[in-house]
Amino acid sequence: GSVLAGQVAPSRLLGFKAVPTSVGDDVVVPDGYRVQNLIPWGTPITGDYPAFAPDGSGEAQGQQVGSHHDGMHFFPLDGSAGDGLLVLNHEYVEPRFLHGAAAGLALDSSGFPCQQDGSRDTDQVLKELNAHGISIVRIRRGDAGQWQVVRDERNRRVTALTPVRLAGPVASTEHVQTRYSPDGTMTRGTLSNCASGATPWQTYLAAEENWAGYFANQDTEIDRRQARYGIATRDTSRYQWHRAVGGADAFVRFDASARGASARDDYRNEPHAFGWMVEIDPMDPASVPVKRTHLGRFAHEGVVFAPAVEGEPVVCYSGDDAAFEYIYKFVSRRPYHAASADGSLLDEGTLYVARFHGDGEGEWLALAPGRNGLTAENGFADLADILVNTRSAADAVGATRMDRPEWGAVDPHTGRVYFTLTKNPQREIEEVNAANPRPGNDLGHIICWQEDGTHAAERFTWDLFVLAGDQHGSRDPNGEPLDQDAILANPDGLWIDPDRRVWIQTDISESTLNTGIHEVFGNNQMLAADPETGEIRRFLTGPVGQEITGIAITPDQRSMFVNIQHPGATTTAEAFAEGRLASHWPEWNNAIPRSATLVITREDGGIIGA
Ligand code: FEO
Ligand code: CA
Ligand code: CA
Ligand code: CA
């Protein structure tokens, strides 16, 4: 059944006129709205503020906005609606664009620059590491309404090289001892930062999603700490960083093969320091980022916190974005007190994984020593062993295997939790379950649930909010097919604003975008839903080849920030070789496409979406 059957009424929350689907190389917003492009990849924000150049150096990249913008949050300064720190993730890089599309690069069969002997140029590798991570940049609204970067001592880059502290039950254990940190307290950098979250104490959490692909491992045998996450025994990795000329320690560590006498002599444990949520205090540029290991180790898409309640535990939700993976929840042991709350609340508590029953009921299964069969006899030695092997523990307790969990959001009024499930074409008909009802799920869906009492509850009731698709086979919250103003595929980004608009961002893969069953949806887009009436309306369409991801708003809700990631990613190897790029957004004139942040405002200065 549907959540809202029978409640069809005009939306009071959605006040804009829907935009049509689009295949244009531009951003389209509703009538009465304006859009500004801000901080494209390479914008100088710190240090010597080196100007952007398509073939700029690795060192310069470390002082500029990274590539492939994703999760984001606006931290107002003194509560201002026009001045704050914008903090955003940089998920990955496309070397063919990062190193200058016009630079005559030799590309391998995967489209990556490579030298003839298979080694990687050291400065290119440095640039790639520095284009990952997080940007913290002060921005301010000018008198004419345009936003600008402000030079500020808090502006900062956290990259794949920044020293990061490990905290929680896995810190200081044998799992994370390396040559760099023999006592297992530190690691270097953060990778594949997809979505994010903001804590109730105003820090930022960056997720580590597809980190496993960054590691090579030439050993003949590897255990579940790597194998269950997709690391294989091979001498290749996504970017071949371990093959950088010169063999610097910071690059060699991406080969996790055992070489030395013990784990303290090599980087066999390096991958175990990845797959976590990373906490950053944007207000303190000297602060060391912290990986909070009690939130579990998997392909973290992001994290969303339930509204904090004084004297109650802190609760947050996080999805593992891979086919047949799980949705998790963390409940802190210590209660939240606004006056003293900080990240250490995330170091003690209980990690749970979701099981969705066929009757609309659900339960949270604790991943803790002695709970649900997680004992030493069953192969889980202690809490650190459970957490470093979160996926294996979730397998063991019988959690529900989902269709790629992406973002979650919590309705601030009802407490209802929503999660996007972007797709899972691999699901066979005999693997279908009530919460993942479609075999060969190419289009995705959105699930929602209500906890049984407080967010810390171990029981919930759930329903499907939307089955994505076109007018044939989709289902809106009222049980009807999505209408032309609402058709969508592959929901990914999800956020609920203070007025309860549910913002939905799509990520149709560049491999299927604008083709086959996905052709009807056009370029990736952003829509808004009214959770009371169930109406969904398209708000924005993006340029060619990109996905829409990342969303933040000012406290007055009159400036919204949205990220455009990987414009031009649909450029084929053949077209690239001939200098034909699928997108030149946002500068056109034959420029390299660059990920960037949009600032969306209304001509009448009103609330976005209203
Ligand atoms: Fe990086 Fe799951 O999207
Ligand atoms: Ca995503
Ligand atoms: Ca993506
Ligand atoms: Ca995605």
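This report describes one sheet and several backbone features of a predicted model.

**The sheet**

Four strands form an open sheet in the order 1-28-27-26, and their pairing is antiparallel. Strand 1 (33-38) and strand 26 (547-553) are the edge strands, each pairing on one side only. From one strand to the next, the twist averages 25 degrees. Within this sheet, strand 27 (residues 560-565) runs antiparallel to strand 28 (residues 596-602), and 5 bridges connect the pair. I564 has A596 of strand 28 as its bridge partner.

**The loop before strand 28**

Helix 8 (573-577) and strand 28 are joined by a loop that contains P586. The peptide bond between W585 and P586 is cis, with omega at about 5 degrees. N590 also lies in the loop between helix 8 and strand 28. Most peptide bonds are trans, and a negative phi is found in most residues other than glycine.

**Positive phi values**

R404 and N590 are non-glycine residues with positive phi, as tabulated here.

| Residue | Phi | Loop |
|---|---|---|
| R404 | near 60 degrees | between helix 7 (390-397) and strand 18 (405-410) |
| N590 | near 70 degrees | between helix 8 and strand 28 |

Is R404 buried or exposed? R404 is buried, because 26 other C-beta atoms lie within 10 Å, and the cut-off for a buried residue is 20 or more. N590 has 10 C-beta neighbours inside 10 Å and therefore counts as exposed, the limit for that class being 12 or fewer.

Methods:
Residues are numbered from 1 along each chain as its sequence is written. Chains are lettered from A and ligands numbered from 1 in the order in which they are written. This is a predicted model: local features need pLDDT of at least 70, side-chain atom pairs count only at pLDDT 80 or more; totals for chains, interfaces and linings use all residues. Two strands pair if DSSP finds at least two bridges between them. Helices (H or I, at least four residues) and strands (E, at least two) are DSSP runs, numbered from the N terminus. Axes are lines fitted to C-alpha atoms, for helices over the stretch in contact, and angles run from 0 to 180 degrees between N-to-C directions.
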